[in-house]
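Please look over the sequence and the model that follow, and keep both in view while reading. The paragraphs below go first to the ligand and its surroundings, and then to some details of the backbone.

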Amino acid sequence: MSRVLIVGGVAGGASCAARLRRLDESAEIVVFDRGPYVSFANCGLPYYVGDVIREEKKLLVASAQLFRDRFRIDVRVEHEVTSIDRGRQVIHVRDLRGGGLCEEKYDTLVLAPGASAVRPAVPGIDLPGIFSVRTIPDSRRVREWLAERSAKRAVIVGGGFIGLEMAENLARRGLSVTIVEKAAQLLPPFDPEMAAPLQRHLEAQGVTVRIGDGLAGFAPGPVVKTEKGAEIAADVAILAIGVRPETGLAREAGLRIGESGGIAVDESMRTSDPLVYAVGDAVETVDAVTGLRQVVPLAGPANRQGRVAAEAICGRGTHFRDVQATSVCAAFGLTMASTGASERTLQRAGISDYQKVYLHPGHHVGYYPGARPIHLKLLFRKSDGRVLGAQAVGEEGVDKRIDVIATAIQLGGTVHDLAEAELCYAPQFGAAKDPVNLAGFVAENVRNGDMPLAVPDPAAFVLDVREPEECARGMLPGAVNIPLNQLRQRVEEIPRGRVVNVYCAVGQRAYYAVRLLRQRGYDARNFSGGWETLK
Ligand code: FAD
């Protein structure tokens, strides 16, 4: 009978333990977690703070007792693994309830210690009222603090996914919220033009957004001091500036750490020691699009890696695929989702063989009440049309489109595959030409030369084919307005021998204009996404 010890019993560790039991009734499986719970829903914590999830016990997906009774898995909470002696195949475990240190022997060890919230060493970081939200006790402390202080003002440091979710949940509790973000935009994994609507939306909802300003420190209150010299008085401050992989145990045990800072593993989740596996936020993975090594702290990969490790331990040849960081977040009624590479990631990776299109279709047909626009950016390889990434922002239907494109990326799909994707349709769900199909059509039009993309060019003639009342809300400098419906009659007003950069509201009428002009010998091009993207 083999003895498998697992360090960390939440997403990766708990998945690994449960899968192991399903594959091997005889294994002795022991899970250690230094926290008071295993298998809890960290992703639900912001909503517990916001009182959307009212009972703490709803966050417990499975209890230690359930693991014992249903799976005969020995779960030891409040037990911290302090070191690994690989030579003797033992780990040292401290019972945090005062039970001292003991030694546990393993045949196989799985590390699933997750990541820790970044707490920068700035002045005042340990003052009361400054919280990270990583565990149930963390969230409980925030709730208690809010209630005790009758908190009215919150500062969120960090405008990523968790920061946004915390902003929404604190606003839901009636607090006024300020977000301080060091980067020049919210949601740094997104490209800036895709994050811009989010900022506008948050500001319209009364959230103060300070981008391009980092945290300098805290004064009692807490008062949040920024690098640009602002002092923001608050009743509570939440740190949401990212996580660091928990690699201490692995490092000290001499396991190989990857170039991106996560534990290095192979495709079976095996570390540099064949008897030790590692999964979840602590490990380094390969970016499915760029091939670069990275640490991606997301629940989906952690769960799947736990399963892959269990299968590998049981001798199955399952392999973990590369990671494309498919993720979604909602705040203040807006959903932001992305998959694969952003344009910035491609540029950082030195990849220039790409093109991008923007579109803003309704999430379902316009004639059915309630259609809301989805702002979609699609990146694809110029040379062969392979889909590289997508980002979408909108109120409805965003996750569905990004999930479809995510699957296409995993299967090596091209923009033609998106154009041809057969997706479910009825008026309240989508359109016979779904936004995913449209993205494929637009990209195909670019690739086959039907609709070359415009780039800003001072020598170009800029043609706005919207109606005059739309132009009154703003136009590109120097643009000439000829509404699409008049274009055939007025085509002679467009000078020959110059590039004609065309735009409309979202790109569709400009596409019709480009086709009309190109068939009359003009070098017409479309500003993808139109005024909605350009403004
Ligand atoms: P964890 O789930 O963090 O578990 C690691 C466990 O190991 C912890 O319980 C820790 O106490 C324990 N541990 C560490 N070191 C030791 C040790 N030495 N001895 C014993 N125990 C140890 N991801 C998404 O995909 N979507 C979301 O919406 C989302 N929302 C999130 C919201 C919040 C507030 C947070 C904090 C995370 C969110 N995530 C989300 C990320 C997701 O929760 C993580 O990617 C996932 O939980 C990682 O799983 P893991 O098993 O690697 O680590």
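Which atom of Arg 34 lies 3.0 Å from a nitrogen atom of the ligand? It is a backbone N or O atom of Arg 34, and such a pair is called a polar contact, that is, a pair of N or O atoms within 3.5 Å, where within protein one must be able to donate a hydrogen and the other to accept it, and residues adjacent in sequence count only if both atoms are side-chain atoms. The model is predicted, with local features needing pLDDT of at least 70 and side-chain atom pairs counting only at pLDDT 80 or more, while totals for chains, interfaces and linings use all residues. Residues are numbered from 1 along each chain as its sequence is written, and side-chain values use heavy atoms, with hydrogens and water left out.

The ligand's oxygen atoms also take part in contacts: one oxygen atom is 3.3 Å from an N or O atom in the side chain of Asn 42, and an oxygen atom of the ligand is 3.5 Å from a polar backbone atom of Ala 11. Taken alone, the ligand exposes 990 Å², of which the protein buries 89%, these areas coming from the Shrake-Rupley method with a 1.4 Å probe.

Around the ligand there are 27 residues, each having a heavy atom within 4 Å of it, and those that come nearest are Gly 12, Asp 33, Val 81, Asp 281 and Ala 299. By class, this shell has 16 nonpolar, 6 polar and 5 charged residues, where Ala, Val, Leu, Ile, Met, Phe, Trp, Tyr, Cys and Pro count as nonpolar, Asp, Glu, Lys and Arg as charged, and the others, Gly among them, as polar. At least two residues of the shell come from each of α1 (11–23), β2 (28–33), β4 (79–85) and α8 (299–313), and β4 gives the most, with 3 residues. Helices (H or I, at least four residues) and strands (E, at least two) are DSSP runs, numbered from the N terminus.

Now turn to the backbone. Most residues other than glycine have a negative phi, and most peptide bonds are trans. Arg 72, in the loop between α3 (64–71) and β3 (74–77), has a positive phi near 50°, and at 46% relative accessibility Arg 72 counts as partly exposed, a class between buried (under 20% relative accessible area) and exposed (over 50%), with a 1.4 Å probe and protein chains only. Met 269, in the loop between α7 (248–252) and β18 (276–278), has a positive phi near 70°, but at 1% relative accessibility Met 269 counts as buried. Finally, the peptide bond from Gly 221 to Pro 222 is cis, with omega near 0°, and Pro 222 is placed in the loop between β13 (215–219) and β14 (223–226).
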